[in-house]
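Here is a short tour of a structure, written for reading alongside the sequence and the 3D view. Please keep both at hand as you go.

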Amino acid sequence: MTNRISAIAAAFGALALAACGSGEPAAEAPATPRPAEPAPDDGGIPAADMVFFGGPIYTADDARPTVEAVAVQDGRIVFAGPRAGANIWVGQATRLVDLEGAAMYPGFTDSHIHVLGVGQRERLLNLDDVRSVAELVERVSGAVDAAQPGDVVFGRGWIETHWPEGRFPTRDDLDAVSPDNPVVLVRADGHALVVNSAALEAAGIDRDSQAPEGGEILFDEAGEPTGMLIDTAMGPAHALVAQPSGAERADTYAEGADRLASLGWTGAHDMSVPWSDVAMIEDLAAADRLPIRVYISINPGGYADLAAGEVPRTADDGRVITRAVKLYMDGALGSRGAALLEPYSDRPDTSGLRIAEADETTGMMTQALRDGIQMNVHAIGDRGNRSLLDWVGEALDQVPAEGRALAEHRWRDEHSQIVHPDDIPRFAELGVIASMQPSHAIGDLHFAPDRLGDARLEGAYAWQSLLDAGAHLTGGSDAPVEQGDPRIEYYAATARADLSGFQGENWHAEEALSRSDALKLFTLWPAYASFRENELGSIETGKRADFTVFSADIMTIPEAEILEVEPMMTVVEGEIVWERPE
C-alpha cells in the first residue's frame, strides 16, 4: 500500500485538461480527494489530518454499510461518504491514504484476551504446534538442556486432542528427559497442566493429596498422581513459576499489545488482570507504549479497590478503561472441567467442576449492581451457564432498578459455549451479553462430540440462536489459549469449520453468522459490551477514528481466502500505530 500526499491534485487537473481538449465528451474524472484551500478565518473547514480512499470501506452501520472515503481530524471521524465529498477536507498538510484496493473496516476489537499472556507466549516455551506426546517430550528435552540446574522449565499451549497417542501427557513422559528440573506445562485452554515428578515434589503433591474445591488431581491405577492437575488444583504448580515483575512485566505487556496491533486489532478487552497491574498498564499508555485500547476486567481480589474510586476508572482519554471484574463459574471442556448438567459422555464418572460458590458470587453481584461495576463471568458447561443465569436473576431481584448505578448493567457470560436450549432466551431476558470466541468452536469440534454426545451439541457454540433470541453478542479469541488472530476469528464465525474446511457431522452449520454480523461481532458489538457504542465500533461521523485495514475484502472473498489476507494498517484515534513495512 502506498501513502500519497497532496500531489494528487496536479494529476487530477491534468486529467481534466486532457479530456477537454480531446474533441470527445469529457469522461467523468475519478473523484479522488484533492487539496482544498480552507480559510478558517472566513468560516472555511479546517483541513483533515488524513483522508482514506481507494478501496472498499465497510462501516458496520446498517444505515450506510459502505462509504468511499473517510476523513479524520484530531482523532475523530469528520466525514464518511462519497469520494467527491471528501475534497473539502483535504489541505496541503492532509495525509492522503490510497488503500489501493485494500479493504478498511472499523477497528477490530478482541473482546476476550489476555494481553500479558500474549506477550509471554512470545518469550516462553511455546507448545502451540506440538503434535504428539513424543514431540512434546522432545521440546522439553531441548528446554532442559538450555536451563540451569534446578530451574523450572515452563511452557504453554499443548493440546492433546489431535495427538496419535490419544491421551494426556504424564509425569513419566517428562521424567524421562527431566528427572531433576521441575517442569510445568500448561494446556492451551489454561485450565489444566502437566508436571513432572520433580515439580510434584516441589509442589507438595503426592498420592495422599486432596484436590481443592473446583479442582482435580488425576491419579493412575497404582494411586500415584499422573502429573495432570485441573483448574484450582493447579495452584501449587503455578506457584513454582516465577512471574515477570517490574520493568520486565511492563515490557511483556507492551510486547503483547504490539503483537495484537500487528495483527489488526485496535482494542483488547483484557481479562483476569491483577489490580496491581492496572496502574502499570495506564503508565504504558501515558508513555506511548500501548498502541491499542485496553478495556480491563480485574481479578475479584481487586473489587474493593475499583469500587473505592470512580467507576469506570479512565486513563489517557479512554485508551485504558477499568470497570469490570472477572469471575469463574467452571473449568474448560477439553480438560473435562466444564460443569455439565449430565455426566461427560466419554467419562461418566464426572460432570465437571463448578468453581464459584452461590452465596459469595450473588453477594458480589448485588453489590456490583449498586456500584456500577460490570461482571464478566467465565462459564462453559451447560450447568455453569445455567447457574450463572440463575444467579444473575437472583441479583437483579434483590436490587430494584432504582438501587442500581446503571440503567443497563451489561454483564457478560464469557464463553457461553455449551448452553441448554431452554436457557438461550434467558440471555436477552436478563440482559446478559454472550461473549464468545469463534475459534473455540472450530478447535473443539474435534473433541466436543466425544465429551458431550450429539444431543448436547444443540445449544453448543450457538451464535445464531442466541442472536435470533435477542441476545447481545461480542467476539474475542481468548489468546493465548487460541492464536489471537482476527482473520481466524472472523473465518471461524462465518465458516464454522476448522482451518482445513472440515466441519464434521451434527456441528450445526446453521449457527454460523453472516459476514455482516461477524463484522459487528468484532467491531460494533464489542463497543456495546464496553459501554462505548457512541464512541467506537463503526465508521460514522463523530466517532473515534479506529480502523483495521486488510489486503482483501473479507466480506466478499471465498471463505478459505479469509485466512490468507494480510493485515495492512492499524489505526487508533487517527494515528497509524502499525503499518505493513512494504
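## Strand β11 and its partners

Strands β10 (residues 183-187) and β11 run antiparallel and are joined by 3 bridges. This is a predicted model, so please read each detail below in that light. To find your place in this pair, look for V184, whose bridge partner in β11 is V195. The two strands form a hairpin with 4 residues between them. In its turn you will meet G190, which has a positive phi of about 75°.

β11 also pairs with strand β13 (residues 225-231), again in the antiparallel sense and over 3 bridges. A handy landmark here is L193, which stands opposite L229 in β13.

## Two covered faces

Is strand β11 (residues 192-195) covered on one face or on both? Both faces are covered. A192 and V194 are buried on one side, and L193 and V195 are buried on the other. V195, the bridge partner of V184, is thus a buried residue, and L193, opposite L229, is buried too.

## A negative patch on the surface

Now turn to the surface, where E213, E357, D359, E360, E394 and D397 gather in a patch of negative charge. Helices α10 (358-371) and α11 (382-398) are the elements that give two or more residues to this patch.

E357, another member of the patch, lies in the loop between β17 (320-328) and α10. How exposed is E357? Its relative accessible area is 39%, so E357 counts as partly exposed. Patch residues need over 30% relative accessible area, and E357 has 39%.

Terms used. Residues are numbered from 1 along each chain as its sequence is written. This is a predicted model: local features need pLDDT of at least 70, side-chain atom pairs count only at pLDDT 80 or more; totals for chains, interfaces and linings use all residues. Side-chain values use heavy atoms; hydrogens and water are left out. Patches are made of residues with over 30% relative accessible area and no salt bridge: like charges are joined within 9 Å, nonpolar side chains (Val, Leu, Ile, Met, Phe, Trp, Tyr) within 5 Å. Accessible areas come from the Shrake-Rupley method with a 1.4 Å probe; for residues, only the protein chains shown count as cover. A salt bridge is a side-chain nitrogen of Lys or Arg within 4 Å of a carboxyl oxygen of Asp or Glu. Lys and Arg count as positive and Asp and Glu as negative; His and the chain ends are not counted. The place of a charge is taken as NZ of Lys, CZ of Arg, CG of Asp or CD of Glu. Buried means under 20% relative accessible area, exposed over 50%, partly exposed in between (1.4 Å probe, protein chains only). Two strands pair if DSSP finds at least two bridges between them.
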